[in-house]
Amino acid sequence: MCGIAGIALKSGEVGPIIYECLKRLEYRGYDSVGEAAVINGKIVVKKDKGKIDEVESKLKISSLPALVGIGHTRWATHGAPSAENAHPHTDCKGTVAVVHNGIIENFMQLRQELENTGHTFKSRTDSEVVAHLVEEYLKTENEFVDAVRKAVKRLIGAYALALISTTAPEQIICVRKESPLVLGTSKTGNYCASDIPAFLPMTNQIILLEDDELAVLTADRISIRRVDDGELIVREPFSVNWNVETAVKTGYAHFMLKEIHEQPASLRDAIRTHPIYMDLMALTLNKAKKIFLIACGTSYHASLAAAYLFANLARVQVTPVVASEFIDNYAALIDPDTVVLAISQSGETADTLSAVRSARDRGATILGISNSIGSTLTRLSDVYIGQNSGPEMGVAATKTFTAQVTVLTKIVLALARKRQALRTTELEALESGIAQLPDWISETLLQEETVKRIAEKYGENASFCYLGRGINVATALEGRLKLLELSYLPAIAYPAGESKHGFISVIEDGYPVVFVAPKDETHSKIIGNVMEMKARGAKIISIVDWDDEEIPKLSDEVIRLPPGIPAALSPAAYIVPLQFLAYYIAVRKGYDPDFPRNLAKSVTVH
Ligand code: AGP
C-alpha cells in the first residue's frame, strides 16, 4: 500500500503541492519517496529512501519548476527500501516516468521479455516494468495514451498508476485496477491520488475512476476512457464535505475500524504474493529436522493457528513459541538442521529479533514473514515474505493478523503439495477457499451492527471469557487480546476443553462467554462446553456457521458467518466479529482504540 499523486496545474509550480499531497498520504507508506516532472523536455526525477521530510531536506524533492508532475510515497512490497527501488521509475531513455501502488503479479515474466529485447532495469521492483513496457509501445503507437493502454493490457495484478512522458509533457495518464485511485478537479488544475485527503485542501470536487479505466489529465481537462477499447466515459464530479483528518480515515471514526474494513482488500494483496516465495519457504521447511515458529502477541496467535495447519495439512510437526521464551526453553536444541520461521508485522519487535539472532548464531536457517520490507527481521532472514497489508496505524493488529494467517496457510499448502500430504482435490479446494476469503470477510463485515448491539449490551461486564477448540484456540486467544489491550478488561481465554480444570470457577450468573465454534471436527465437543458454561449461568455469545442449528439454541447472542468457509481457513473470518466486539466495547468506554494506554505499535525493547 503506497501513496501516489499527480497534478496538472494551469500556473505555478507543481513540486511543493505534490510534496504536501504526499505528506497527507504518508499513512499509506513511508519508507521512500519521490517526485518527477518534465522540465525543458527532459524527465527530472528526485527520489530516495527515507521519510518525506528527511528526503526533502536532502534532495529538495519539492523543488520541481513545472506545471505537471507525479509523486509517490512507498510501502515496499517488492525490493527493499532504497533509492533505486523508490518511485518514480523511468524507462531506458528517460521518456516515461511512472508511480505505482499495488502488485504486478507477472512482473518477472514481463521483465525477462523486456530484458531479452535489450531493456536495462535499475530497480528490483515490480513497478519498473510499466515504464519499459510503455517505452516499447511508444515505438509503434503515436499517442502516449495508446502506448499506455497497450502496456496496461499486459499487466496481471492490482495497480493504480500515474505516468508522465516527454512525448506529451502536458499530460498525466492514470490507470486503475483493484487499487484505489481518485481524481479531483478545480479551476486551477486537475489531480489524481490514491486517496481523497491528498488533494482535499485544493478541491473537494471528486471524480471516481473505476477498475479497468484510465484518465488523461491536463490542466484544464480530465477525460476518462475504458482501457480495453479506449471508449470515452463521461462522469460528473461530486463533492465531499470532509476535513483532511476524516478523509485520512476515509470517514471512519478510527484507524482501527478502517483497518478492520480494509481486510478484504489487504487479504487480496496478501494472496497476490508470488508463489515462488511460498515454494522457496516450503523447500527450506521440507529439509528441516526441527521447525520453530516464533513471534509475539498477535503474531504469536497467527503462528499457533499455523502450527495446527502444519500438523493437519502438511503432516509436519512445528513448535510455536512466544519469542521471549524461545532462548531459555529451546536454545540447546537449535542446530544447522533447525529452521526458525519468525512472524512480525513490524519486523522490529526486540524479543522476536533476539530469538532470531540466537538461533542464527547456532546455525539455524531463518525464514521471516513481515509487513515491513526492509525491516530488521527481513534483513536477518534467509528467505522472507512481505505480507502486503500496507501500514497499520491502529496499535491493535487487525488486518495484519488475517494476512499473516493467510500467508502462513499458503506456505503450509505449498509444503503439503511438496510432501504430497494432501490429495490434489483437497489442495485445490483449500487454494480456491483462500481466493474466496476476501469475499467471505466482506460478508462477515455485515455483522458489524449485530456485534455493536452485543457490545452495548455486555460492555459493562467486568470480564469476558473466550473459548475455542482446535485451530480456533488461536482465534479465541486473539479475540481476547483485542479486548484486553483496548478496553483494559481482564478477559480470559482458553482451549474450551480446559474449562473443567480450573477457570470454570470464575463463571457465574451473567458472565459473558464467547465461543468461536465453526462446524468442524470439534463441534460436538464444544457443544458440551457451551452447556457446561450455560449450566453455571454464563451468557453465551457464539460465533457459528451459517447453518448451525444446535449452538444457537443454547446461546444468548449469535453471530453467523457466511456459508462455505473451510475449517482450516476459519480463523481469518471468525476473528472479524471479535475485532468489532473489542472495538465497540472500547469506544463505549470512551477509550481511544487507535492508541491504547501503555502500548506501542512496535515493541523495540525487551
Ligand atoms: C497486537 O494488537 C499488539 N499490537 C501486539 O501484541 C503485537 O502483536 C506484538 O507486539 C507483536 O508485534 P509484531 O507483529 O510487530 O512483531
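How do the residues of the shell around the ligand divide into nonpolar, polar and charged? In this predicted model, the shell holds six nonpolar, seven polar and two charged residues. The shell counts 15 residues around the ligand. Those that come nearest are S299, S344, S346, T349 and E485.

Two of these nearest residues, S299 and S344, also make polar contacts through their side chains. In S299, an N or O atom of the side chain is 2.5 Å from an oxygen atom of the ligand. For S344, the corresponding distance from a side-chain N or O atom to a ligand oxygen is 2.6 Å. The backbone takes part as well. A polar backbone atom of A397 is 2.8 Å from an oxygen atom of the ligand. The ligand taken alone exposes 410 Å². Of that area, the protein buries 92%.

The ligand takes up the space of the second largest pocket. Which elements give two or more residues to the shell? They are helix α10, spanning residues 297–312, and helix α17, spanning residues 472–487. S299 falls within the residue range of α10, and E485 falls within that of α17.

The model also contains an open sheet of eight strands. Their order is β3-β2-β4-β1-β10-β9-β11-β15. The pairing is antiparallel. Strands β3 (42–49) and β15 (238–239) stand at the edges. Each has a single partner strand, so one side of each is left without a neighbour in the sheet. In general, strands of a sheet pair through backbone hydrogen bonds, in either a parallel or an antiparallel way.

Within this sheet, β1 and β10 are partners. Strand β1 covers residues 3–9, and strand β10 covers residues 189–193. The two pair in the antiparallel sense over five bridges. Across this pairing, A8 stands opposite N190 in β10.

Two details of the backbone lie in loops next to β4. One is a cis peptide bond, which joins H87 and P88. Its omega is about 5 degrees. P88 is found in the loop between β4 (68–74) and β5 (89–90). The other detail concerns K60. This residue is not a glycine, yet K60 has a positive phi of about 50 degrees. K60 is placed in the loop between α2 (52–59) and β4. Strand β4 itself belongs to the open sheet, where its place in the order is between β2 and β1.

Terms used
Residues are numbered from 1 along each chain as its sequence is written. This is a predicted model: local features need pLDDT of at least 70, side-chain atom pairs count only at pLDDT 80 or more; totals for chains, interfaces and linings use all residues. Side-chain values use heavy atoms; hydrogens and water are left out. A residue is near a molecule or strand if one of its heavy atoms lies within 4 Å of it. A polar contact is a pair of N or O atoms within 3.5 Å; within protein, one must be able to donate a hydrogen and the other to accept it, and residues adjacent in sequence count only if both atoms are side-chain atoms. Accessible areas come from the Shrake-Rupley method with a 1.4 Å probe; for residues, only the protein chains shown count as cover. On a 1 Å grid over the protein atoms alone, a cavity is a set of points where a 1.4 Å probe fits but cannot get out, and a pocket is an open set with protein on both sides within 12 Å along at least five of seven lines; lining residues have an atom within 4 Å of a point. A molecule sits in a cavity or pocket if more than half of its atoms lie within 2 Å of its grid points. Helices (H or I, at least four residues) and strands (E, at least two) are DSSP runs, numbered from the N terminus. Ala, Val, Leu, Ile, Met, Phe, Trp, Tyr, Cys and Pro count as nonpolar, Asp, Glu, Lys and Arg as charged, and the others, Gly among them, as polar. Two strands pair if DSSP finds at least two bridges between them.
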